[in-house]
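Colleague: Please take a close look at the nonpolar interior of this model. I would like one connected account, with the cut-offs stated.

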Amino acid sequence: MAAPTQYRAIWISDVHLGTPQAKAPYLLDFLRTHDADRYYLLGDIIDGWALKRSWYWPSSHNDLIRGLLQKAEGTNVTYIPGNHDEVARDFPGLQLGGITVQRKAQHTTADGRRFLVVHGDEFEGVVRHAEWIELLGSWAYTGVLAADRWYNRLRRLLDLPYWSLANYIKETRHIRQVIAEFEETAAREADAEGFDGVICGHIHRPRMRAVSNTQYVNTGDWIENCTALVEHRDGRLELRQWIPDGVGPRRAIASEASPPQNGTPSLVSPPEAGPQDK
């Protein structure tokens, strides 16, 4: 087995352990093949809302928790709870097996940029039409993901590629507008606090985008997109998708340009990550 790829930092969000849709084996494979000096868990790692409705916890979810704890033995791991695991927000500063709980964090890249690091649900209060964002935790969204699951089982039997109903819905004009407003609000809030950018999750939409002079980055999720954000040794940020061989791609879906000497990466707005042909 090849040595793990080394990074300066890795961000992961929206795993939703405790649901059948969580791609725990995919993420565990990613963690085994990627190492970093620092890890950030940006909320909704465990889906407390779903577990309250009905208990679902297969062995693969235990395996992933053990994998995260193993990472924490030799590196810095910061856990920023989201709205689905919000109970942990009441314990800032608590250490769980080497993982430190914080309400929010700031991260300085190797090239000196300061990023606000949060889950992202805190931006809902200033976003118009936030009802769709709330849908991410509702029965309706869960139903869409369940339909995705069964529909793609049938497609695999017919030797057809993966097709995401959830991502298709997000391509509608109204939803794209709501997502864009969320992104711009997050960037403005970070800029108002003196940051160069914001890194968040919450809306299950991997994205790297420049909003004026502020960089907006969304790590995506491990339900629909299976994406994580990584920082290279020179400070460049990159969104990576990781799906097992034979099932889908392992690739960069968005990346900053290489920095000039004694400079910083240019802020880029690559094509938005849409439905993946997995």
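Modeller: What follows deals with the largest nonpolar core, then a second core and one buried position. This is a predicted model, in which local features need pLDDT of at least 70, side-chain atom pairs count only at pLDDT 80 or more, and totals for chains, interfaces and linings use all residues. Residues are numbered from 1 along each chain as its sequence is written, and side-chain values use heavy atoms, with hydrogens and water left out.

A nonpolar core here is a set of buried Ala, Val, Leu, Ile, Met, Phe, Trp, Tyr and Cys residues joined through side-chain atoms within 4.5 Å; buried means under 20% relative accessible area, with a 1.4 Å probe and protein chains only. The largest such core has 30 residues, of which Ile12, Phe30, Leu64 and Trp222 touch the most other members. At least two residues each come from β1 (5-12), α1 (24-33), β2 (34-41), α3 (59-74), β3, β5 (99-101) and β11 (227-231); helices (H or I, at least four residues) and strands (E, at least two) are DSSP runs, numbered from the N terminus. The top contributor is α1, with six residues. Beyond its neighbours within four places in sequence, Phe30 is in contact (heavy atoms within 4.5 Å) with Ile10, Trp222, Ala228, Val230 and Trp242. A second, separate core has 16 residues, including Tyr40, Ile80, Met208 and Leu239.

Cys200 lies in strand β8 (residues 197-200) and is buried, at a relative accessible area of 0%. Its contacts outside four places in sequence include Leu42, Val118, Phe182 and Tyr216.

Notes:
Buried < 20%, exposed > 50% of the residue type's maximum accessible area, 1.4 Å probe, protein only.
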